[in-house]
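I opened this notebook to keep track of what I looked up in a structure, entry by entry. I wanted to see what each place shows before moving on to the next.

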Amino acid sequence: MIQQVKKKIGLWTLVSLGVGSIIGSGIFALPAAMGAVAGPGLILAILLAGIIAIFLALPYAELGAAFPLEGGPYAFPRLSMGNLTGFLMGWGFFLYLFIGTAGIINIFVLYSGFYIPGLVIGSTLTPLGITIAVLFLWIFTIINIFGVQWGGLYSVITTIGKLIPMVIFGFVGFMFFQGGNFVPFMPFGFTGVTLAVTLFFWSYTGFEAIVVPTGEVKNPSKTIPLAMILTLLITIVVYMLIAIAFVGMINWDGVHLSFKGWKEMTLLSSPLSDVSKALGLMWLAVVVSIGAIIGTGGSGGGWVLIQGRMPYAMAKDRLFWNSMSKVHPKYGTPVNSLIFSSFLTTIVLIAIPNFPSVALVATVTVLVPYAAAILSVPILRKVQPKAERPFKLPFVMTFSIIGFILATYLFYWGTWPWTLVGALLVLTGYPAFLFVKEKEADWKKSLWIPVYIMGIVLVSFLGDPKFMFNNFLPWSPLGYLTMPYDLVILAIFAIIIFTWAYKQNIKVRE
């Protein structure tokens, strides 16, 4: 008999979990890399990435409120498009979770190296650093095994602990504001801004954390949509405050860069601390470093909680190994699933102790589940019209198509060859399904997925060479489809796939 977890998560615990899962490594590590490709336009990139995140997140609010199912990012596509589609989306999301958790903990140790020598060399963990990373991973795991209320309390404490240093940095930064740093605003054009959007979107992933533990949320129909909206608003405001302060604070001589030498900003290892030290504000550099450690530690704990729910939710529906559905008899948590997920994260930490590599792969793998969730909204509106929906997307079809197109753009902007790597990882879900399935596969309902994924990969290969990062393959993008033609082709392609998948999945029910 499958046991049920306990409902103990309230609004502010859920908001803290959402904010804690989103605000972590990115805002501390990425401003320099974004500045190198976009200049002051990094501020616009953060805003655009936030707007895109809203389009990708709000469908989860409707779905989570109307269908309070455990493991939302997997459960909603399964409900709307069948077992195989649900499994593939759960597979892709699970890849993103345990790979992304490794990246978050990697950054946690990198910032800890500010105080403890020998943990890192450049941006790569040493054997000692890997040992510390694995140790903290299992500490986070044990905390979550003891109960979701302890994981939630940990999330609340660490969220507050990292937001305070960020707010201090923002307000102090405005006291040393240099308006000339914002001119010209887009020195590398809009292409540079889109590259920065791609880099920074990693910093917005994690909003789906709000719907993963839905089965443990009090009054989910009201709590989930409100928590989603509050989480996104808090995150966007904090990110914008930090970005504007960062650009305004830059003392080019102090950071040992040429005047407005934006392309040289990749030399800054800890950008927020570096610009603080350049102004003689060593105390602020220390505060920011502590905030970075708390922030990445908080995200690591939150992500461990979330990644452990995915195999549990899939096993409850008999689409994963049955042992993953077991919960601890005393603490009411999915102990086997938590241990299994953290074991996989341990492998990633040991095999790939480098943040940029894991971040790109994790981001690409999660965009397919995001697109499937968006598609699920109009399908379920059609096939389950009587379901109570406390929160409903406005202009649902238009909103969903726009969101689907934006998810397609982000997949493409994930850069070659990582578009190919992410696609192949997601598609390994097909053979994986053969090993764990206990239900019939709905092949026709899921046929759009490989066509969609490989279509984006093809455009990536034919597309703009600017969307390439650390290419380890012998082939590079051919440059036949440069901006804006690549975006036009992708928009048309996305609309065709959306229409096909929608009609295919409502036709079966009619």
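**Entry 1: around helix α13**

I began just past a helix, where I found that α13 is followed by Arg318, a residue whose phi is positive, near 60°. I kept in mind from the start that this is a predicted model.

I then asked how many of the eight residues of helix α13 are buried. Seven of them are, so this helix, residues 309-316, is largely enclosed by the rest of the structure. I wrote down the buried ones as Arg309, Met310, Pro311, Tyr312, Ala313, Met314 and Ala315.

**Entry 2: the chain as a whole**

I stepped back to the whole protein chain, whose secondary structure comes to 21 helices and two strands. Of its 510 residues, 63% count as buried. I also looked up how contacts are spread along the sequence, and among those between residues at least 6 apart, 82% join residues at least 24 apart.

**Entry 3: other backbone angles**

I reminded myself that most residues other than glycine have a negative phi, and that most peptide bonds are trans. With that in mind, I noted Lys260, which has a positive phi of about 55° although it is not a glycine. Lys260 sits in the loop between α10 (220-249) and α11 (271-278), and at 27% relative accessibility it counts as partly exposed.

Phe395 also has a positive phi, near 45°, and is a residue other than glycine. Its place is in the loop between α15 and α16. Is Phe395 buried or exposed? I found a relative accessibility of 72%, and because exposed means over 50%, Phe395 counts as exposed.

Next I looked up peptide bonds, and I found a cis bond joining Trp416 and Pro417, with omega about 10°. Pro417 lies in the loop between α16 and α17 (418-427). A cis peptide bond also joins Met483 and Pro484, with omega about 0°, and Pro484 is found in the loop between α20 and α21.

**Entry 4: aromatic rings**

I turned to the aromatic residues and found that the structure holds 29 aromatic pairs. One of them is formed by Tyr412 and Phe467, a tilted pair with 5.3 Å centre to centre and 55° between the planes. This pair links distant parts of the chain, since Tyr412 is in helix α16 (residues 396-413) and Phe467 is in the loop between α20 (448-462) and α21 (485-507), 55 residues apart. Tyr412 counts as buried at 0% relative accessibility, and Phe467 is buried too, with a relative accessible area of 1%.

Phe467 has a further partner in Trp413: the ring centres are 6.3 Å apart and the planes are at 25°, so the pair is stacked. This pair, too, links distant parts of the chain, with Trp413 in helix α16 and Phe467 in the loop between α20 and α21, 54 residues apart. Trp413 counts as buried at 7% relative accessibility.

I also noted one aromatic cluster, formed by Phe404, Trp448, Tyr452, Phe493 and Phe498.

**Entry 5: the nonpolar core**

I noted as background that in soluble globular proteins, nonpolar side chains tend to be buried together. Which residues of the largest nonpolar core touch the most other members? Of its 182 residues, they are Leu56, Phe169 and Trp448. Trp448 is also a member of the aromatic cluster in my previous entry.

I followed Phe169 further and, leaving out residues up to four places away in sequence, I found that it touches Ile242, Ala245, Phe246, Met249, Leu272, Val275, Ser276, Leu284 and Val288.

**Entry 6: enclosed space**

Lastly I looked for empty space inside, and the structure holds five cavities of 30 Å³ or more. About 40 Å³ of space lies in the largest cavity. Its lining is made up of Thr198, Phe201, Leu360, Thr363, Val364, Leu367, Leu410 and Gly414. The elements that give two or more residues to this lining are α9 (189-201) and α15 (355-383), and α15 supplies the largest share, four residues. I sorted the lining residues by kind and found five nonpolar, three polar and no charged.

Conventions:
Residues numbered from 1 in each chain as written. Predicted model: local features only at pLDDT ≥ 70, side-chain atom pairs only at ≥ 80, totals over all residues. Heavy atoms only, no water. 1 Å grid on protein atoms, 1.4 Å probe; cavity = no way out; pocket = protein on both sides within 12 Å on 5 of 7 lines; lining within 4 Å. Points joined across faces, edges and corners; volume = space filled by probe spheres on them. Nonpolar A, V, L, I, M, F, W, Y, C, P; charged D, E, K, R; others polar. Buried < 20%, exposed > 50% of the residue type's maximum accessible area, 1.4 Å probe, protein only. Phe/Tyr/Trp six-rings, centres within 6.5 Å; stacked < 30°, edge-to-face > 60°. Core = buried A, V, L, I, M, F, W, Y, C linked by side-chain atoms within 4.5 Å. Contact = heavy atoms within 4.5 Å.
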